[in-house]
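Here's a quick briefing on a ligand site and some aromatic packing. Have a look at the model first, then read on.

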Amino acid sequence: MTSATRRQSVAVPNPLHAPLTGWGRYPLSESDIYRPDKIAELQGVVTANISSLIPRGAGRAYGDAALNDQNRVVDLTRLNRMLSFDAASGLLRCEAGVTIAELIDVFLPRGFFPPVTPGTRFVTLGGSVAADVHGKNHHRDSSLASHVMYFDLMIASGEVLRCSREENSDLFWATVGGMGLTGVILELELRMRRVESAYLDGELIRAGNIDAAIEAFERIDSVYGYSVAWIDCNSTKSALGRSLLNVGNFATLDQLPRNLAQDPLTTMPKLSPFVPLDLPVVNSMTVRAFNALTYALHREKSAHTFFDWESFFYPLDAIRNWPRIYGKRGFVQYQCVWPPDESRAGLVEVLEATTRSRRASFLAVLKKFGAQDGLLSFPMAGYTLAIDFPVTDGLLEFLDSLDALVLKRGGRVYLAKDARMSPETFRAMYPNFRKWQAAKAVADPDNRFSSSLSRRLGMDPA
Ligand SMILES: Cc1cc2nc3c(=O)[nH]c(=O)nc-3n(C[C@H](O)[C@H](O)[C@H](O)COP(=O)(O)OP(=O)(O)OC[C@H]3O[C@@H](n4cnc5c(N)ncnc54)[C@H](O)[C@@H]3O)c2cc1C
């Protein structure tokens, strides 16, 4: 299917006019939301010349990437069929509304795992390609795009184009990380990873400060395929950046203890509690207490352990709708990255500013990135830090000051988490923006695909 699909005349489904936010519940928008369950219906929505349009997956982008205030949003979650799977190669074809959780449900019992996964499994593959997501294995396996063979993209004219490294390659590279602004990803082919068990054979490593954390990441770099650190954003002075690293590789059968080896691809289902109401419990006192306790509970410098896949990859999925702990005003996740030579200094500057501000939350994560392709993909080789900040007075000005620190060291901020960056900062952080804009203009000459994020960042043509 390399050419245009035949246009069918179908009624455009009625939209639901409703308020909408990203995962951080900031900002709030209002849109006409379409939820087609057939490609032909989607084509009707895309080609109806009413107002601008943005695709939306599971709505796990934190800020305004999947919002289109006072315009149209098309929810792709009903286009979620798995189409074919070849166990010999691990190649899976499926529609873009399939979630990573669904992939794990179906394929982990057969010995396959997604090649890259973000810190939540409740994301669609379309949304994951559009953000070109990274996982805890970026230092070894790069971002999701590296494992995607091709995708089919419905562009503004309603045509469907196959995009790969060989075919429509400009559009391929503009769409991965392109935040839904080049068209709608309909289906894709992905190479799944073969695994022998649902467990990771790894270590919990305690690092007393940021230098010890970096030293630990460098030491385990060639040993473990997956690594991540929880970082205490309230520690200061010689303990600045103290961290707990979780590192591991999928365990092979012969590495598993006998009790786990009996049924290696099955783990115990977990309870899934939820936060019943908006309960703003995040403040500098609760955060301090939580961080001190978490660190104190892990006394040993390093402990060998087996993690089940759910605890290792998705600790945040354990509590549904956890953003409610930030109350109605919501929160912003600030995720930035620096090149290798600037990472240590950049980390110290941002951690010091954050500690001083007393604004940070429980959640702060440090990871190491490796090589990366793509025009607007966020990762670059170096270290990345992600911190949640509750929306409070003065937060936006404070985050602007972090932008200046990140920018001066050649770093950038992740669009899938952003809700507030300025157009000037965006352009300085994403030097391939002009190339991206040229590729978008070919697929979407009238700029039909637009979002709250693209307007805020000045990505739409003037
Ligand atoms: C708890 C948590 C942890 C996270 N951890 C990580 C992490 O470790 N690494 C990481 O990289 N990200 C992470 N994220 C961010 C998340 O992976 C991305 O925002 C991802 O894009 C969300 O996918 P979604 O299906 O929810 O898409 P949405 O949030 O609905 O949309 C995200 C973007 O994708 C576009 N889009 C959606 N579907 C399509 C489609 N079919 N065709 C074209 N464009 C489309 C939208 O227009 C939008 O720009 C995390 C998010 C949460 C909530």
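A residue counts as near the ligand if one of its heavy atoms lies within 4 Å of it. This is a predicted model, and in it 36 residues surround the ligand. Pro55, Gly57, Arg60, Thr124 and Tyr414 are the closest.

**Ligand site**
- By class, the shell is made up of 22 nonpolar, 10 polar and 4 charged residues.
- Two backbones reach nitrogen atoms of the ligand: a backbone N or O atom of Gly119 sits 3.0 Å from one, and a polar backbone atom of His134 is 2.8 Å from a ligand nitrogen.
- On the side-chain front, an N or O atom of Lys367 lies 3.0 Å from an oxygen atom of the ligand.
- Taken alone, the ligand exposes 950 Å², and the protein buries 98% of that.
- Strand E3 (53-56), helix H3 (125-130) and strand E10 (184-191) are the elements giving two or more residues to the shell.

**Aromatic pairs**
- Searching the whole structure turns up 26 aromatic pairs.
- One of them is Phe172 with Trp173, edge-to-face at 4.9 Å centre to centre and 85 degrees between the planes.
- Phe172 is buried at 0% relative accessible area, while Trp173 is partly exposed at 22%.
- Phe369 and Phe378 have ring centres 5.8 Å apart and planes at 85 degrees, so they're edge-to-face too.
- Phe369 is buried at 2% relative accessibility, and Phe378 is buried at 1%.

**Cluster and charges over rings**
- Phe113, Tyr226, Phe250, Phe307, Trp309, Phe312, Phe313 and Tyr314 make up one aromatic cluster.
- Arg162 lies over the face of Tyr150, 3.8 Å from the ring centre.
- Arg412 lies over the face of Tyr430, at 5.2 Å from the ring centre.

Technical notes
Residues numbered from 1 in each chain as written. Predicted model: local features only at pLDDT ≥ 70, side-chain atom pairs only at ≥ 80, totals over all residues. Heavy atoms only, no water. Polar contact = N/O pair within 3.5 Å; in protein donor to acceptor, adjacent residues only side chain to side chain. Areas by Shrake-Rupley, 256 points an atom, 1.4 Å probe, with all protein chains shown as cover. Helix = DSSP H or I, 4+ residues; strand = E, 2+ residues; numbered from the N terminus. Nonpolar A, V, L, I, M, F, W, Y, C, P; charged D, E, K, R; others polar. Phe/Tyr/Trp six-rings, centres within 6.5 Å; stacked < 30°, edge-to-face > 60°. Buried < 20%, exposed > 50% of the residue type's maximum accessible area, 1.4 Å probe, protein only. Lys NZ or Arg CZ within 6 Å of the ring centre and 35° of its normal.
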